[in-house]
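Hi everyone, thanks for making time today. I'd like to walk you through a structure that is new to most of us, so please have a look at it first.

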Amino acid sequence: MNDILLGVDPREQSVPALVWGADEAVRRGLALRLVVAVPPAHDGFRYDALAHQSALRLRAEAAIADAEDLVRELHGGLRIATERVNGVPAAVLRDMAPHAVLVVVGSRRLGRAAEVFSESSVVVPLTARADCPVVVVRVPEHTAVHPPTLVVGVDGSESSQAAIAFAVEEASLREARLRAVWVWPASVLARDDLDEGVAERRRLLAESVAGWAERYPDVAVSQEVLRGHPVEQLALASQESLALIVGRRGRGGYSGMRLGSTVHGLLHRAMCPVITVPLPQRGGRTGDPAWADRSRSSATDRPRPGDPLGTGARRPPRGTVGREDDPGPSARSPER
């Protein structure tokens, strides 16, 4: 597909997520695929289960129709596809992620236990396991702040290299500057030399971002080493940012462990959209993730910002949905 995948929540429509996803599709010259998942019913009686499932389908169809109408009002020429799939929402979107450039979702601010264990939870399970970058739009981006700025968290790891690769491309698309921030946690067990420690991390930060200025000469990259807790410092940096971009390290354990404490905390505390970038797929090169190649190849003829996409193209039929007897992508998921 190589498009922007946006999860539509039939319970609580996220307008900021819809706006973010539509704008990003325009920037990248890609189609926007709106997907709503209808979870399985678990009622004890067959009649009640069928009635409940029918109500869920009606709500899902109404939600995705409203989402399509809003997106078309924002960008009339944008290529849009809609799809209704039966299955657990997080599993459905995760199974579609390998064929997308980005997955965009809103946040219903579930409690920590519910967001990990509830079947209706999407943000943590999806962010922890998707094979492409996941954008969680909890609050709108700060477009009124000038110059427009993106923030990327750096710690020298392979995952942060993947985050930098995504961040510089995104900054180029947005004509924004990029703040590369390395947060050095204060040590409580040892007395370290502050000056030497800061100097060493500045050197490591410079090595991490080296080479990107040549590849993206239009992007101004600033480098900062901050002392404190990573979640607190990056959350502060997000207050005037278009988006906060971080890498995802883990691939083992349950969802919360896969995600890591810093990313988990930022999903709750960041004051702008959070973009979590997974490690490159096996065989890919660090700093040049596979999805970046898909994105660049799809946007070769990218229109200028503000130009409508697909002008003159045939409008796709509204409300394209999956068959009711189709179990959807999540039917073969090990989580089911």
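I'll go through the sheet, then some of the helices, and then the salt bridges. One thing to keep in mind from the start is that this is a predicted model.

Let's begin with the sheet. How many strands form it, and in what order? There are 10 strands in an open sheet, and the order runs 3-2-1-4-5-10-9-6-7-8, with mixed pairing. At the edges you find strand 3 and strand 8, which covers 221–227, and each of these pairs on one side only. On average, neighbouring strands here are turned by 25° against each other, if we ignore direction.

Now let's look at a few of the neighbours in that order. Strand 1 and strand 4 pair in the parallel sense, over four bridges. If you want a residue to click on, try L6, whose bridge partner in strand 4 is V104.

While we are at the sheet, two helices pack on it. Helix 6 touches strand 4, strand 6 (149–153), strand 7 (177–184), strand 9 (243–247) and strand 10 (274–277), and the direction of helix 6 makes about 175° with that of strand 6. Helix 11, residues 261–269, also packs on the sheet. The strands touched by helix 11 are strand 5 (134–137), strand 9 and strand 10, and its direction makes about 165° with that of strand 9.

Strand 9 has come up a few times, so let's stay with that one. Is strand 9 mostly covered or mostly open? Mostly covered: five of its five residues are buried. Both faces are covered, with A243, I245 and G247 on one side and L244 and V246 on the other. Strand 9 has parallel partners too. Three bridges pair strand 6 with strand 9 in the parallel sense, and there V152 stands opposite I245. Strand 10 runs parallel to strand 9 and is joined to it by four bridges; in this pair, G247 stands opposite V277.

On to the helices, and helix 1 is a nice place to start. Helix 1 has 14 residues and spans 20 Å from its first C-alpha to its last, close to the 20 Å expected at 1.5 Å a residue. Because 10 of those 14 residues are buried, helix 1 is largely enclosed by the rest of the structure. Among the buried ones are W20, E24, R27 and R28. Just after helix 1 comes G29, with a positive phi of about 65°.

Helix 3, residues 89–96, is another mostly covered one: seven of its eight residues are buried. The buried residues are P89, A90, A91, V92, L93, R94 and M96. What covers them? The cover includes strand 1 (3–7), strand 2 (32–38), strand 3 (80–86), strand 4 (100–106) and helix 5 (123–129).

That brings me to the charged side chains. As a reminder, side chains of opposite charge can pair when their charged atoms come close. This model holds 15 salt bridges, and I've picked three for today.

The pick to begin with is R33 with D3, where the closest N and O atoms are 3.2 Å apart. R33 sits in strand 2 and D3 in strand 1, 30 residues apart, so the pair links distant parts of the chain. Are these partners buried or exposed? R33 counts as buried at 18% relative accessibility, since the cut-off is under 20%, and D3 is buried at 4%.

Next, the side chains of E169 and R28 meet at 3.6 Å, N to O. This pair also links distant parts of the chain: E169 is in helix 6 (residues 158–174) and R28 is in helix 1 (residues 15–28), 141 residues apart. E169 is buried with a relative accessible area of 4%, and R28 counts as buried at 0%.

My last pick is E61 with R84, at 2.5 Å from N to O. Here E61 belongs to helix 2 (residues 46–74) and R84 to strand 3, with their positions 23 residues apart in the chain. E61 is partly exposed at 32%, whereas R84 is buried at 3%.

Finally, salt bridges that share partners join E24, R27, R28, E141, E169, E170 and R174 into one network. Thanks for listening, and do rotate the model yourselves!

Note on methods: Residues numbered from 1 in each chain as written. Predicted model: local features only at pLDDT ≥ 70, side-chain atom pairs only at ≥ 80, totals over all residues. Heavy atoms only, no water. Buried < 20%, exposed > 50% of the residue type's maximum accessible area, 1.4 Å probe, protein only. Contact = heavy atoms within 4.5 Å. Salt bridge = Lys/Arg side-chain N within 4 Å of Asp/Glu carboxyl O. Pairing = 2+ DSSP bridges. Axes fitted to C-alpha atoms, helices over the stretch in contact; angles between N-to-C directions. Expected span 1.5 Å × (residues − 1).
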